[in-house]
Amino acid sequence: MDRADAFLETLATSGLPPLRGRRQAGDDFRADVVTRELGPLRLAELTTPEGECFRDARSARAADSELWQIELVTQGWVRAEQGGSTAVLGPADLVLIDPVRPVRFASTASTHVTMLVPRRLLLLGPDDAARLAGVRIRGDRGPGALVSSLGRDMARCLEGFRADEADRSAAAVIELIAVALSAQLGHSRRPPADEALRTRIVGFIQARLSDRDLTPAKVAAAHHMSVRRLHKLFEDQPLTVAALIRRQRLERCHADLAGTDRTVAAVAACWGFTDPAYFSRLFKATYGYNAAALKSNKRAQMINASAARPGKDGD
């Protein structure tokens, strides 16, 4: 990719938080981006030339408010500025970025990995997020070194995972990121017991969404508690345990239907919905259109895109 504006546009269309550029243009501009997913975790390996780019308040998208961004430098040097903090990052170093807040990057020619983590899975309080954003996390020791090594390797080898393996692996990686961030804060305190337990339970659910027998009773038994205690633990949360399982399964189905050629029934069964009629009603009630319409629309987009491509002779 040899144009700065085209590269920044590619970043946005790849699902990464958008940037505006002061990156070097011209004949010597060379950049590349490769994106991969591991369950709910999205990774992108970027190669960029020397230059600057930034994101201001006007660039923020609503979808980015649901994510945390972890930047890992693998080659070169990067300066990241956010929230009054400046992190100068060398190889293996990391920094937490809030995608909806203004940020500025300046770098040498470099290679780095962007990890996008759903906020619902990486729980940070507002005060902690403000303290962490734009602060260098050393990648040569402690939990930061483990996250750095995993991030570098994951960006290159995410093939061959089954859906349940991807979810469980992502949950483990996100937990390691949480440990590294907590270590950076220098916490001597542990999170409240209920909060920590809820986080473990959500991770357990995420890793077993394809299990048709996943129920609140099974979740409670796996955590050595009564179903009543489990429900009480989630009584002040936006979703009950059963609703959380349904919503997460629906999100996986929605993503698969938009990105694969499998039938609606096959996708629904893969994510634990044993009754096709019930799945269809639930899907339409949640998204406002039925699952078959999503597949039809995706197929039409692919056909239109294919028809729009020029022939071999340029016609």
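User: How far does α8 reach from its first C-alpha to its last, and what is expected at 1.5 Å a residue?
Analyst: In this predicted model, where local features need pLDDT of at least 70, side-chain atom pairs count only at pLDDT 80 or more, and totals for chains, interfaces and linings use all residues, α8 has 19 residues and reaches 27 Å, close to the 27 Å expected. That expectation is 1.5 Å times one less than the number of residues. Residues are numbered from 1 along each chain as its sequence is written, and side-chain values use heavy atoms, with hydrogens and water left out.

User: How do you know that α4 agrees with 1.5 Å a residue?
Analyst: Same kind of check: α4 has 23 residues and should span 33 Å, and its end C-alpha atoms are 33 Å apart, so the two values agree. Just after α4 comes G186, with a positive phi near 70°.

User: How many helices and strands are there in the chain?
Analyst: There are 11 helices and 11 strands. Helices are DSSP runs of H or I with at least four residues, strands are runs of E with at least two, and both are numbered from the N terminus.

User: Why is R252 called buried?
Analyst: Buried means under 20% relative accessible area, exposed is over 50%, and partly exposed is in between (1.4 Å probe, protein chains only). R252 comes in at 11%, which is under the cut-off, so R252 is buried. R252 sits in helix α8, residues 241-259. Leaving aside residues up to four places away in sequence, R252 touches P40, R120, D167, Q206, L209 and W271; a contact takes heavy atoms within 4.5 Å.

User: What makes C253 count as buried?
Analyst: Its relative accessibility is 0%, so C253 falls under the limit. C253 is in α8 as well, and it touches V267, A268, W271, F273 and F279, not counting residues up to four places away in sequence. From C253 to A269 is 16 residues in sequence and 9.4 Å in space, C-alpha to C-alpha. Other buried residues of α8 include L244, I245, Q248 and L257.

User: Where is L209, in a helix or in a loop?
Analyst: L209 is in the loop between α5 (193-207) and α6 (216-222). With a relative accessible area of 0%, L209 is buried. L209 touches several residues, among them D167, I245, R252 and W271. The C-alpha atoms of L209 and L250 are separated by 9.9 Å, though the two are 41 residues apart along the chain.

User: How do you know that β10 is largely enclosed by the rest of the structure?
Analyst: Nine of its nine residues are buried, so β10 is largely enclosed. Both faces are covered: S110, H112, T114, L116 and P118 are buried on one side, and T111, V113, M115 and V117 on the other. In a regular strand the side chains alternate between the two faces of the sheet.

User: Which strands make up the open sheet, and in what order?
Analyst: The order is β2-β3-β10-β5-β8-β11, with antiparallel pairing.

User: What makes β2 and β11 the edge strands?
Analyst: Each of them, β2 (32-38) and β11 (136-137), pairs on one side only. Two strands pair if DSSP finds at least two bridges between them. By that rule β5 (67-75) pairs with β10 (110-118), because there are eight bridges. Among those bridges, L67 partners P118 and W68 partners V117. Likewise β3 (41-48) pairs with β10 over seven bridges, with R42 standing opposite L116.

User: At what angle do α3 and α4 pack, and how far apart are their axes?
Analyst: α3 (142-154) and α4 (163-185) pack at about 145°, with axes 8 Å apart. The axes are lines fitted to C-alpha atoms over the stretch in contact, and angles run from 0 to 180 degrees between N-to-C directions.

User: What classes of residue make up the contact of α3 with α4?
Analyst: It has 11 nonpolar, one polar and no charged residues. Ala, Val, Leu, Ile, Met, Phe, Trp, Tyr, Cys and Pro count as nonpolar, Asp, Glu, Lys and Arg as charged, and the others, Gly among them, as polar. G144 of α3 is part of the contact and counts as polar because it is a Gly. Others there include L146 and L150 of α3, and V173, I177 and A180 of α4.
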